[in-house]
Amino acid sequence: MAARSMASLNISFGMVSIPVDLYTATVSSEKISFNLLHAKDGSRLKQQYVCVKEGTVVDRSEIVKGYEFAKDQYVQFTPEEIKALDEAGSDTIDIVEFVPLTSVDPLYFDRSYYLAPGKGGARPYALLAAALRETHRCAIGHWAAHGRDHMVILRPFDKALVMHQLHFAAEVRTIEDIGVVPTEVKDSELKLARQLIDQQATEKFNPTLYVDEVRARVEAAIQKKVAGQQISLSATPQRTSSGNVIDLMSALKASLGAKQDKLGPRKAPKRAERKAPARRTSRA
């Protein structure tokens, strides 16, 4: 099934304007949700809002939004006031600067989109992609959508351009927040650690080798339930470790020895056959 464009935009830098079509690059894979049911008759339960002060159920028509500026003190906003505060949507991606792609840490990456050339934009689109690829740079810009201002980068990917929505600096915690204390590493330990990495190293990341095993297990259980079968209640396998490394050198040597004892090339993780649940449910 062909992908459907989300919007038609323009990439703008200097006097150049490139029409593009926006597509989502990823498919949401949220945790499978279960509805809340009445155990007695299996019927759905309905969510209600109760006034804490009066103890009565409040109809949706009586609900307004408010901001808590102090403990249990709120200022109310009407839907019209909230809408006026939102950032107006824009059909333009305004490029501000070009920076080395390696200077943008993946920590800042949020959502990803594909950009395809719009009508009449094939040549400038291809030119921008080629120039970014040759200079090993990406474009930093602004794009307003869904009531928010977004910082984005544009970079070449295969035959196309990709746009990544980034977190702002204020949204990313600093390393100082977690209190990492610098620790000295011995040359002998580093040598063994590098040998262990080399044994499991590959030249390129292949995401198709990895699957969501938990989701596959839940989907299989749902299929069995739909077919009227019982599911096993045995504990699922856990990836655990002792978490207590007494002798780092001994642990590294043992890891190297375990890898060397295995015959043949490193096997890729087994791909799981995935079946969609008979009916996707909404989040309760």
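**Exercise 1. Determine which residues of helix 2 are exposed and which are buried, and how the buried ones are arranged.**

*Step 1.* On the other side of helix 2 from its buried residues, R123, L127 and E134 are exposed. Exposed denotes a relative accessible area over 50%, buried one under 20%, and partly exposed the range in between, with a 1.4 Å probe and protein chains only. Helices are DSSP runs of H or I with at least four residues, strands are runs of E with at least two, and both are numbered from the N terminus. The model is a predicted one, in which local features need pLDDT of at least 70 and side-chain atom pairs count only at pLDDT 80 or more, while totals for chains, interfaces and linings use all residues. Residues are numbered from 1 along each chain as its sequence is written, and side-chain values use heavy atoms, with hydrogens and water left out.

*Step 2.* The buried residues of helix 2 are Y125, L128, A129 and L132. Viewed down the axis of helix 2, its buried residues fall within an arc of 95 degrees, so they line one face of the helix. The arc is taken over the directions from the helix axis to the C-beta atoms.

*Step 3.* The general background is that an α-helix has 3.6 residues a turn, so residues three or four places apart point the same way.

**Exercise 2. Compare the span of helix 2 with its expected value, then treat helix 4 likewise.**

*Step 1.* The expected span is 1.5 Å times one less than the number of residues. For the 14 residues of helix 2 (residues 122–135) this should give 20 Å, and the end C-alpha atoms are 20 Å apart, which agrees.

*Step 2.* Helix 4 (residues 213–226) also has 14 residues, and reaches 20 Å from its first C-alpha to its last, close to the 20 Å expected.

*Step 3.* In helix 4, R215, A216, E219 and I222 are buried. Down the axis of helix 4, the buried residues fall within an arc of 120 degrees, so they line one face of the helix.

**Exercise 3. Locate H136, D158 and D72, and state the sign of phi in each.**

*Step 1.* As a reference, most residues other than glycine have a negative phi.

*Step 2.* H136 lies in the loop between helix 2 and strand 9. Phi of H136 is positive, near 55 degrees, and H136 counts as exposed at 62% relative accessibility.

*Step 3.* D158 is found in the loop between strand 10 and strand 11. Its phi is positive, near 55 degrees, and D158 counts as exposed at 62% relative accessibility.

*Step 4.* Strand 5 (residues 65–70) and strand 6 (residues 73–77) run antiparallel and are joined by 5 bridges; strands pair if DSSP finds at least two bridges between them. Y67 has V75 in strand 6 as its bridge partner. The hairpin has 2 residues between the strands, and D72 takes a positive phi near 60 degrees.

**Exercise 4. Describe the aromatic pair of Y113 and W143.**

*Step 1.* The structure holds 4 aromatic pairs. Rings of Phe, Tyr and Trp (its six-membered ring) pair if their centres lie within 6.5 Å; planes under 30 degrees apart count as stacked, over 60 as edge-to-face and the rest as tilted.

*Step 2.* Y113 and W143 are edge-to-face, at 6.0 Å centre to centre and 80 degrees between the planes. Y113 lies in strand 8 (residues 109–117) and W143 in strand 9 (residues 137–145), so the pair ties together parts that are 30 residues apart in sequence.

*Step 3.* Y113 is buried, with a relative accessible area of 4%, and W143 is buried at 5%.

**Exercise 5. Identify the members of the largest nonpolar core that touch the most other members, and the element that supplies its largest share.**

*Step 1.* A nonpolar core is a set of buried Ala, Val, Leu, Ile, Met, Phe, Trp, Tyr and Cys residues joined through side-chain atoms within 4.5 Å.

*Step 2.* The largest core has 20 residues, of which I11, I93, L115, W143, L154, L161 and M163 touch the most other members. Helix 2 gives the largest share of this core, 4 residues.

*Step 3.* A second, separate core of 6 residues includes V104, C138, I153 and L166.

*Step 4.* Contact means heavy atoms within 4.5 Å. Not counting residues up to four places away in sequence, I93 touches residues including L9, I11, L115, W143, L154 and M163.
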